[in-house]
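User: I would like to go through this structure with you, one point at a time, and hear the reasoning behind each answer.

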Amino acid sequence: MMRTTMNQARCSCASVKRSGGILLVALLFPLAAFAQVSVTATVDRPRIGFGESLSFTITVQGSQSTPSPAIPKVDGLVFAGPAVNTSMSIVNGVMSQSVGLAYQVTPTRTGEFVIPAIEVKLGDNAYRTEPIKIVVEKGAPQTDLSQKVAVRIQTASQQVYLGQTASLNVLVFARADVPLKGFAGFNHEADGLGYKYDPNVKSGTHVEGGVSYNVFIIEGVISPTRTGKLNFGPCVVKGQLAAERRSRSGDLFERFFGRVEVSEVPFTMDAVPIEVLPLPGEGRPADFSGAVGEWKLDVTAKPGDVNVGDPITLTIKVSGNGNIDLVPAPKLTGLDEFKTYDPTTKTTKNELNSAGERVIQQVLVPKSAGVKRLPDVRLSYFDPVAKQYKTAAHPPLQVNVKPGAGGQAAIVSGGGRVRPEEKLGHDIVYVKGAPGPIALVFPPVAFWLFNATPVVALLGALAWKRRVDRLRGDIAYARRSRAARNARKQLVAASDCQQVQHALQAYLGDRLNIPASGITASVAGERGLPGAVREIFEACDAARFAGASADVASLKQQVEQVIDELENADR
Amino acid sequence: MNWKTLIVNLLIALPVLANDFKTANALYDAGRFAEAASAYERLTPKSAGVYFNLGNAWFRQDKLGLAILNYERAQRLAPRDPDILANLKFAQQRLGVVEINQPPQPLRRFWANAVRSRTLVEWSWIEIVTLWLALLAVAGCIWLPKWRTGFIIAAVAVACVWVTATVALIDRVSSPPEAIVLVAKSEARSAPLPLATVLFNLTEGARVAIREDRGEWLFVERADGKQGWVNRAAVAGV
């Protein structure tokens with residue numbers, strides 16, 4: 001009953017998410033009309049104070065329209081309404097629809113009343129609701145939360161076996177009018193029961209005695225670690241209750257919307273006895289090693305066609321419900337014909353450790369040709385549902401083991417034989433006759449030298465290219481860059497004042513990027529050249545045109561000094 | 001030891017090595033595997049052939065962990081030697097550690113195998129040669145503009161190889177030292193203490209990377225990324 005109600009609640013949630021699909025399905029509505037129709041009646045609270053009203057709702061599942069039923073007269077109660085509310089939802093392609101008729105019921109006196117069964121006609125069929133009893137008291141009704149909220153446990157049985165993993169859910173029933181918004185904590189005592197629970201609380205609804213409840217489910221499992229009469233509980237579930245409080249401040253916003261406050265309220269449950277039974281001695285297999293639950297075996301082997309000495313990987317998968325940690329590696333019988341190594345194991349399980357899977361990989365190396373089948377795999381366990389021991393066995397897998405090279409069975413064990421003829425895949429390759437390469441180290445200095453050389457060379461070449469390109473494209477730069485070198489050459493060859501003067505003119509012409517012949521003592525003065533230039537020009541002119549004596553060596557030295565001075569000034 | 005001393009020592013040691021190597025091989029041929037193993041152990045300098053034959057000697061004594069250790073050492077010196085690869089794989093198959101020693105991710109597995117396929121010196125030469133070629137191609141682009149397109153394609157192609165070689169070189173130099181598990185079964189624990197929680201088991205022949213050394217305990221990482229502390233006596237460095 002509760003599970004059905006929870007499913008309906010999920011349907012409602014799904015309907016919100018899939019509202020876009022409702023239009024499409026609405027076209028198919030006539031096909032689904034009147035399929036699995038049910039009619040129920042509920043009240044929001046069965047006990048009210050005189051002067052208050054309660055809500056009485058008739059819900060028709062499986063239909064989207066219904067005529068208003070005739071409400072019989074009840075002495076002392078006044079019915080107003082109905083307000084009609086329809087809904088439709090689709091889950092996994094299955095459509096469900098309902099219509100609710102809500103009446104406001106106001107008592108005219110105190111006492112106990114019964115809202116009788118109400119007949120609802122849908123087409124040719126008539127459906128009846130269950131009668132509902134309500135109590136109208138003087139003044140305020142009993143609003144003790146303990147009467148509105150109850151904590152219960154849900155378990156398949158209160159008798160479990162040692163090592164068994166059994167579900168044990170804690171259910172919190174809260175009447176629909178209790179504004180329970182969530183939970184802030186869950187404290188419990190479960191000594192010896194190995195209790196684990198899922199902190200994600202599930203929710204649903206439940207109707208009992210015409211009263212609607214919200215149900216909150218804490219899913220958990222117990223896995224007892226000792227026998228005897230143990231207790232689950234007491235438990236305390238801290239609920240979060242929302243209460244709306246009107247603000248008395250002058251804030252218009254708060255006065256209009258009010259303010260919701262959340263308070264924590266503990267709900268308690270008394271201890272519930274759980275009897276943990278020891279595993280029965282009767283019928284216990286000799287190879288039983290403590291596995292409890294429902295387990296199945298799946299065995300595979302690869303490859304199935306091998307030579308002697310080749311490894312075969314046997315993969316054993318144990319899966320099922322129960323505590324996988326208690327499940328040992330299955331027994332292998334008939335291992336004499338194989339060389340074995342330690343198996344590798346991989347275990348996966350769910351969060352509550354109530355179900356799991358263990359994969360064991362065992363390497364088997366056949367010792368001789370003629371081996372036809374792999375070892376038997378068996379796992380004995382106790383099934384707590386059937387209350388008996390069971391053995392899961394897998395029929396032995398067939399293999400084809402061929403002899404090694406030369407048609408002879410190879411010896412797998414390490415020592416004792418020299419085999420001058422060895423083959424890949426059957427045995428190791430024989431020893432080498434030469435030592436082979438030794439460990440060489442690349443000297444770090446050589447490594448960095450080899451790396452740096454091309455980089456430096458490329459950068460140098462790029463710089464050189466840039467200079468050449470500039471010399472070709474920039475005449476002023478080209479003349480200036482070779483001015484001093486050319487002038488010095490001319491100076492070396494000069495033997496009289498005229499040649500010295502030409503050398504100086506050539507230098508200054510190249511340097512200033514003007515024709516050399518146009519440079520005179522006056523131009524030198526205009527261009528701001530050192531005074532020595534003017535003096536050299538005047539001395540040369542005097543010697544050439546006035547026949548004055550001149551010391552050519554001294555003039556050369558002065559020109560050199562001028563060149564040096566101007567070149568240094570550039571730097 | 002500087003470079004010159006090393007060369008001189010090698011010139012003296014190599015003839016001696018070749019002579020002793022033959023002696024050890026004779027012991028192996030005679031089926032005296034324990035003595036052959038001792039003889040191979042004494043040989044210096046160790047070459048790929050010495051490690052390979054030593055691995056065979058241990059294999060014949062059914063000490064597969066030691067055999068794998070020496071095959072791995074031989075592979076470091078001659079990474080593409082088919083005999084070494086065959087015996088290493090064969091021994092790993094015997095112990096069921098072929099998969100455990102490989103990273104589970106396909107890309108990481110491919111890269112690890114690619115890096116292993118060359119020695120450190122070979123990666124160094126590849127890096128140097130491709131750098132020279134790439135820079136020559138760049139120079140060609142600049143000074144021979146007629147064939148610029150061809151030089152650009154060549155430069156990009158060679159640069160890709162250079163980047164690969166450089167990353168492989170860095171990976172090889174910076175990766176932690178590796179070790180092989182020698183005992184049939186050892187346990188990796190959560191702390192360097194004998195009673196610490198067992199995190200996972202290490203089987204004989206498994207390859208681990210040594211992340212930290214604390215004397216008696218080593219913090220190791222398996223190829224699948226699992227990490228734990230293992231007793232030093234259970235492993236030997238490659």
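Analyst: Before any counting, one term has to be fixed: a salt bridge is a side-chain nitrogen of Lys or Arg within 4 Å of a carboxyl oxygen of Asp or Glu. The structure is a predicted model, and the salt bridges counted by this rule over all chains come to 37.

User: In which elements of chain B do E178(B) and R116(B) lie, and how many residues apart are they?
Analyst: The side chains of E178(B) and R116(B) meet in a salt bridge, with 2.8 Å from N to O. This pair links distant parts of the chain, since E178(B) belongs to strand β1 (residues 178-181) of chain B and R116(B) to helix α6 (residues 106-116) of chain B, and the separation between them is 62 residues.

User: Are E178(B) and R116(B) buried or exposed, or partly exposed?
Analyst: Buried means under 20% relative accessible area, and partly exposed covers the range from there up to 50%. R116(B) has a relative accessible area of 17%, so R116(B) is buried. E178(B) has a relative accessible area of 21%, and therefore E178(B) is partly exposed.

User: Which residues do salt bridges that share partners join into one network with R116(B)?
Analyst: In general, side chains of opposite charge can pair when their charged atoms come close. In chain B, R214(B) forms a salt bridge with E212(B), the closest N and O atoms being 2.8 Å apart. Through salt bridges that share partners, one network takes in R116(B) together with E72(B), R76(B), E178(B) and R207(B).

User: What is the N to O distance in the salt bridge between R189(B) and E187(B)?
Analyst: R189(B) is buried because its relative accessible area is 15%, whereas E187(B) counts as partly exposed because its relative accessibility is 33%. The side chains of R189(B) and E187(B) meet in a salt bridge, and the distance from N to O is 2.9 Å.

User: With which side chain of chain B does the side chain of K432(A) make a polar contact?
Analyst: K432(A) is found in the loop between β31 (400-402) and α6 of chain A, and K432(A) counts as buried because its relative accessibility is 16%. Leaving aside neighbours within four places in sequence, K432(A) is in contact with residues of chain B including F21(B), N25(B), F52(B), D81(B) and I84(B). The polar contact of its side chain, at 3.1 Å, is with the side chain of D83(B).

User: Which helix gives the most to the nonpolar patch on the surface?
Analyst: The patch is formed by V455(A), L459(A), L462(A), W464(A), W143(B), L144(B) and W147(B), with about 700 Å² of accessible area together. One of these residues, W464(A), counts as exposed because its relative accessibility is 56%, and W464(A) is found in helix α6 of chain A. With four residues, the element that gives the most to the patch is helix α6 (residues 444-473) of chain A.

User: Which helix supplies the largest share of the largest nonpolar core?
Analyst: In soluble globular proteins, nonpolar side chains tend to be buried together. The largest nonpolar core here has 56 residues, and those that touch the most other members are Y28(B), Y40(B), F59(B), Y71(B) and L202(B). Its largest share, eight residues, comes from helix α3 (residues 48-60) of chain B.

User: How many residues are in the second, separate core?
Analyst: This second core is separate, and V170(A), A190(A), F232(A) and V276(A) are among its members. The number of residues in this core is 29.

User: How far apart in space are R60(B) and A37(B), C-alpha to C-alpha?
Analyst: R60(B) has its place in helix α3 of chain B, and R60(B) counts as buried because its relative accessibility is 5%. In sequence R60(B) and A37(B) are 23 residues apart, while in space their C-alpha to C-alpha distance is 10.0 Å.

User: What percentages of chain A and chain B count as buried?
Analyst: Chain A has 11 helices and 31 strands, and chain B has eight helices and seven strands. The accessible surface of chain A comes to about 31500 Å², and that of chain B to about 11700 Å². Of the 571 residues of chain A, the buried share is 38%, and of the 238 residues in chain B, the buried share is 45%.

Methods: Residues are numbered from 1 along each chain as its sequence is written. Chains are lettered from A and ligands numbered from 1 in the order in which they are written. This is a predicted model: local features need pLDDT of at least 70, side-chain atom pairs count only at pLDDT 80 or more; totals for chains, interfaces and linings use all residues. Side-chain values use heavy atoms; hydrogens and water are left out. Patches are made of residues with over 30% relative accessible area and no salt bridge: like charges are joined within 9 Å, nonpolar side chains (Val, Leu, Ile, Met, Phe, Trp, Tyr) within 5 Å. Accessible areas come from the Shrake-Rupley method with a 1.4 Å probe; for residues, only the protein chains shown count as cover. Helices (H or I, at least four residues) and strands (E, at least two) are DSSP runs, numbered from the N terminus. Buried means under 20% relative accessible area, exposed over 50%, partly exposed in between (1.4 Å probe, protein chains only). A nonpolar core is a set of buried Ala, Val, Leu, Ile, Met, Phe, Trp, Tyr and Cys residues joined through side-chain atoms within 4.5 Å. A polar contact is a pair of N or O atoms within 3.5 Å; within protein, one must be able to donate a hydrogen and the other to accept it, and residues adjacent in sequence count only if both atoms are side-chain atoms. Contact means heavy atoms within 4.5 Å.
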